[in-house]
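Student: Can we walk through this one together? I'd like to start with how the strands line up, then look at the pocket and the helices.

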Amino acid sequence: MMKAPIIEIFSSFQGEGLLIGERQIFVRFAGCNLNCNYCDTNDSKSEKAGTLMTTQEVTAEIERLITPDCKTISFTGGEPSLYPDFISEVSKNFDLKIMLETNGTLPDNIDAIDKLDIVSLDIKLPEHFNGDFDNSIFLNEIKSLNLLITKSINVYCKVVILPSTK
């Protein structure tokens with residue numbers, strides 16, 4: 001039985017990007033492969049922060065929260081692409097758009113997700129880290145971006161601008 005660490009599942013309106021203002025079901029995973037210094041979900045950086053849930057439990061909670069105006073499930077985190085098989089398994093139960101909010105550094109995992117309609121990809125900059133930026137971060141983000149474009153998946157990129165951004 002497949003399980004993943006989940007911080008929360010809730011219904012709300014998207015606050016950014018191409019689907020701003022649209023109601024979505026958000027599934028927030030625990031665990032992240034990066035340690036960005038501006039993270040607004042610090043409680044979801046560690047996999048231990050979440051509650052282990054099965055795909056059936058997550059599916060049931062999404063079904064409970066769906067309203068007629070909801071057209072998208074957004075998988076977010078932490079870093080949801082750490083759990084591609086879990087996302088694929090949950091997604092196949094719904095005839096809704098599937099959105100992935102990702103740091104884009106795990107292109108092989110993103111490629112393994114069966115159904116994606118839209119991806120919000122965060123581009124990371126050196127000043128987002130406390131001296132531990134690795135160029136492979138940016139190279140993997142570009143690899144993910146090219147992969148999504150090749151697969152004709154709707155994708156947009158975000159960059160967090162800090163006072164230290166050059």
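Student: Which residue in strand 2 does Glu8 stand opposite?
Tutor: Keep in mind that we're looking at a predicted model. Strand 1 covers residues 3-13 and strand 2 covers residues 23-29, and the two run antiparallel with seven bridges joining them. Opposite Glu8, in strand 2, you'll find Arg28.

Student: And what stands opposite Pro5 in strand 3?
Tutor: Strand 1 also pairs with strand 3, residues 51-54, in the antiparallel sense, over four bridges. In strand 3, the residue facing Pro5 is Leu52.

Student: On to the largest pocket: which residues are closest to its centre?
Tutor: The space in there comes to about 610 Å³. Its lining takes in 28 residues. The closest to the centre are Asp40, Thr41, Gly77, Asp122 and Lys158.

Student: How many residues of that lining are charged?
Tutor: Strand 2, strand 5 (97-102), strand 6 (118-123) and strand 7 (154-159) each put at least two residues into the lining. Sort the lining residues by type and you get nine nonpolar and 10 polar. The charged ones number nine.

Student: Is helix 1 roughly parallel or oblique to helix 2?
Tutor: Helix 1 (residues 55-65) packs against helix 2 (residues 84-91) with the axes 9 Å apart, at an angle of about 45°. Roughly parallel would need an angle under 35 degrees, and roughly perpendicular starts at 65. So helix 1, relative to helix 2, is oblique.

Student: Which hand does the crossing of helix 1 and helix 2 have, left or right?
Tutor: We have the angle of about 45° from before. As for the hand, the crossing of helix 1 and helix 2 is right-handed.

Terms used:
Residues are numbered from 1 along each chain as its sequence is written. This is a predicted model: local features need pLDDT of at least 70, side-chain atom pairs count only at pLDDT 80 or more; totals for chains, interfaces and linings use all residues. Side-chain values use heavy atoms; hydrogens and water are left out. Two strands pair if DSSP finds at least two bridges between them. On a 1 Å grid over the protein atoms alone, a cavity is a set of points where a 1.4 Å probe fits but cannot get out, and a pocket is an open set with protein on both sides within 12 Å along at least five of seven lines; lining residues have an atom within 4 Å of a point. Grid points are joined across faces, edges and corners, and a volume is the space filled by probe spheres set on the points. Ala, Val, Leu, Ile, Met, Phe, Trp, Tyr, Cys and Pro count as nonpolar, Asp, Glu, Lys and Arg as charged, and the others, Gly among them, as polar. Axes are lines fitted to C-alpha atoms, for helices over the stretch in contact, and angles run from 0 to 180 degrees between N-to-C directions. Angles under 35 degrees count as roughly parallel, over 145 as roughly antiparallel, 65 to 115 as roughly perpendicular and the rest as oblique. A crossing is left-handed if the near helix is turned anticlockwise from the far one by less than a right angle, and right-handed if clockwise.
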